[in-house]
Amino acid sequence: MMRKTRSPKVKAAEQTGHAGVWGEEDNKALNSVLQPLRSPPTPQIFGMLGGEARGLICAPKSEVVERTANFYTAINVMAGLVLSAQAGLVTSPLDVANLPEDKQVLGQIYNVLAYMCVSTQICV
């Protein structure tokens, strides 16, 4: 039979003597966990991890499924718009032959990056 080990930071009620009542250390631990939820959202590189996820964490159980579906719908709409904006780059690539000779390498790099962007966006 495996014995469960407890984190040294979390003490059982029988060890603290509070018998189910939260102590000062418990309140401090809870506040340190909840503090990021109380502060205003900050911009993040991956915007999905900002206010939207925070809203899901703080939502009542009855609203979580609906909010999650709305969140994923918004992401899919955004991904579709980005893909439609980038798809034109691949369907009609830059004609490198008409560019000046010193710019042809940049034109080829542009075409390759366009293909990479669209293929990445399709994976999203």
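Which residues of H4 are buried? I looked this up before anything else, and the buried residues of H4 turned out to be Phe-71, Ile-75 and Ala-79. I note that the model is a predicted one.

**Overall layout**

I went through the elements of the chain and found five helices and zero strands. Read from the N terminus, the order is α-α-α-α-α. I then looked up burial for the chain, and 10% of its 124 residues count as buried.

**Helix H4**

I checked the extent of H4, which covers residues 61–91 and has 31 residues. From its first C-alpha to its last, H4 reaches 45 Å, close to the 45 Å expected at 1.5 Å a residue. I also looked for bends in H4 and found a kink of about 30°, centred on Ala-85.

The spacing of the buried residues made me recall a rule. An α-helix has 3.6 residues a turn, so residues three or four places apart point the same way.

**Phe-71**

I took up Phe-71 next, which is found in helix H4. Its relative accessibility is 15%, and because buried means under 20%, Phe-71 counts as buried. I looked for a residue of another part of the chain to set against Phe-71 and noted Leu-56, 15 residues apart from it along the chain. The C-alpha atoms of Phe-71 and Leu-56 are separated by 9.2 Å.

How many aromatic pairs does a search of the whole structure find? I got one aromatic pair. The pair is made by Phe-71 and Tyr-72, with ring centres 5.7 Å apart and planes at 45°, so I entered it as tilted.

**The salt bridge**

I searched the whole structure for salt bridges and the result was one. In this salt bridge the side chains of Arg-67 and Glu-63 meet, at 3.0 Å from N to O. Why are Arg-67 and Glu-63 separated by about one helical turn? I find that they are four residues apart in helix H4, which accounts for that separation.

I then looked up how accessible the two partners are. Arg-67 has 36% relative accessibility and counts as partly exposed. Glu-63, at 31%, counts as partly exposed too.

**Leu-83 and Val-118**

I moved along to Leu-83, which also lies in helix H4. Is Leu-83 buried or partly exposed? With a relative accessible area of 27%, Leu-83 is partly exposed. I paired Leu-83 with Val-118, 35 residues apart from it in sequence. In space, the two are 6.5 Å apart, C-alpha to C-alpha.

**Helix H5 and a surface patch**

I looked for nonpolar patches on the surface and recorded one formed by Val-105, Leu-106, Ile-109, Val-112, Leu-113 and Met-116. Together these residues have about 560 Å² of accessible area. I picked out one of them, Ile-109, which is found in helix H5, residues 104–123. Its relative accessibility is 43%, so I put Ile-109 down as partly exposed.

**Helix H2**

My last entry is on H2, which covers residues 24–38. Where in H2 does a kink lie? I found a kink of about 35° at Ser-32, shortly before the proline Pro-36. I checked the span of H2 as well: at 1.5 Å a residue, its 15 residues should span 21 Å. The end C-alpha atoms of H2 are 20 Å apart, which agrees.

Conventions: Residues are numbered from 1 along each chain as its sequence is written. This is a predicted model: local features need pLDDT of at least 70, side-chain atom pairs count only at pLDDT 80 or more; totals for chains, interfaces and linings use all residues. Side-chain values use heavy atoms; hydrogens and water are left out. Helices (H or I, at least four residues) and strands (E, at least two) are DSSP runs, numbered from the N terminus. The expected span of a helix is 1.5 Å times one less than its number of residues. The bend at a residue is the angle between axes fitted to the seven residues ending there and the seven starting there. Buried means under 20% relative accessible area, exposed over 50%, partly exposed in between (1.4 Å probe, protein chains only). Patches are made of residues with over 30% relative accessible area and no salt bridge: like charges are joined within 9 Å, nonpolar side chains (Val, Leu, Ile, Met, Phe, Trp, Tyr) within 5 Å. Accessible areas come from the Shrake-Rupley method with a 1.4 Å probe; for residues, only the protein chains shown count as cover. A salt bridge is a side-chain nitrogen of Lys or Arg within 4 Å of a carboxyl oxygen of Asp or Glu. Rings of Phe, Tyr and Trp (its six-membered ring) pair if their centres lie within 6.5 Å; planes under 30 degrees apart count as stacked, over 60 as edge-to-face and the rest as tilted.
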